[in-house]
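Here is a short guided tour for anyone meeting this structure for the first time. Keep the picture open while you read, and find each residue as it comes up.

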Amino acid sequence: MPLPRLQGRPLLAYPLRLPKVSYNALAPCQAIVILIDPDARPPPAEAVLQSCFRLTASEARLARKICSGHGVEAAADELGVSYETGRNQLKSVFAKTQTHRQSELVALLTRLSNGR
């Protein structure tokens, strides 16, 4: 169940019954709610990207921004480089990671950050 908030994507709430914890219907704890923040997953560290894929520091910073949901233009702007430089760096990241689209790159980097 999504829980809207002022900034970012909604929190995801998963209510779960706990029948195996307590057989007594009047026990103080019959359920738990697990909250997941989809914006809280950190992208992999730059050092990890550099060592795993031989990315330069600039390419690793761009890849992290892309993994965090930024488009190329916004990422380049935040990193203080031109759009064309960002595009060229992204092409290099694609070649080094053997990906072809931003969605593939994000999926790959997400698996890396989940393995921390």
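Leu 49 touches Pro 44, Arg 54, Leu 55, Ala 60, Ala 63, Arg 64, Leu 109 and Leu 112, leaving aside residues up to four places away in sequence. Please keep in mind that this is a predicted model.

Leu 49 also belongs to the largest nonpolar core, which has 16 residues. Which members of this core touch the most other members? They are Leu 49, Leu 55, Ile 66, Leu 90, Leu 105 and Leu 109. Two or more residues each come from H1, H2, helix H3 (72-79), H4 and helix H5 (102-114). H2 provides the largest share of this core, with five residues.

Now let us see how two of these helices meet. Helix H2 (residues 57-67) packs against helix H4 (residues 83-97) at an angle of about 90°, and their axes are 9 Å apart. Because of that angle, H2 is roughly perpendicular to H4. On the H2 side, the contact is made by Ser 58, Glu 59, Leu 62, Ala 63 and Ile 66. H4 contributes Gly 86, Gln 89, Leu 90, Ser 92, Val 93 and Lys 96. Sorted by class, the contact of H2 with H4 has five nonpolar, four polar and two charged residues. Two residues of this contact have already appeared in the core: Ile 66 and Leu 90.

Next come the strands. The table lists the two pairings.

| Strand | Partner | Sense | Bridges | Opposite residues |
|---|---|---|---|---|
| E1 (residues 2-3) | E2 (residues 11-17) | antiparallel | two bridges | Leu 3 and Leu 11 |
| E2 (residues 11-17) | E3 (residues 31-36) | antiparallel | six bridges | Tyr 14 and Ile 34 |

In words, E1 and E2 are joined by two bridges and run antiparallel, with Leu 3 standing opposite Leu 11 in E2. E2 pairs with E3 in the antiparallel sense as well, over six bridges, and Tyr 14 stands opposite Ile 34 in E3.

Our last stop is a loop residue. Where does Asp 39 lie? Asp 39 sits in the loop between E3 and helix H1 (46-53). Is Asp 39 buried, exposed or partly exposed? Its relative accessible area is 35%, so Asp 39 is partly exposed. Not counting residues up to four places away in sequence, Asp 39 touches Arg 5, Gly 8 and Arg 9. Arg 9 is 30 residues away from Asp 39 along the chain, yet their C-alpha atoms are separated by 6.8 Å.

How values were computed. Residues numbered from 1 in each chain as written. Predicted model: local features only at pLDDT ≥ 70, side-chain atom pairs only at ≥ 80, totals over all residues. Heavy atoms only, no water. Axes fitted to C-alpha atoms, helices over the stretch in contact; angles between N-to-C directions. Helix = DSSP H or I, 4+ residues; strand = E, 2+ residues; numbered from the N terminus. Parallel < 35°, antiparallel > 145°, perpendicular 65-115°, else oblique. Contact = heavy atoms within 4.5 Å. Nonpolar A, V, L, I, M, F, W, Y, C, P; charged D, E, K, R; others polar. Pairing = 2+ DSSP bridges. Buried < 20%, exposed > 50% of the residue type's maximum accessible area, 1.4 Å probe, protein only. Core = buried A, V, L, I, M, F, W, Y, C linked by side-chain atoms within 4.5 Å.
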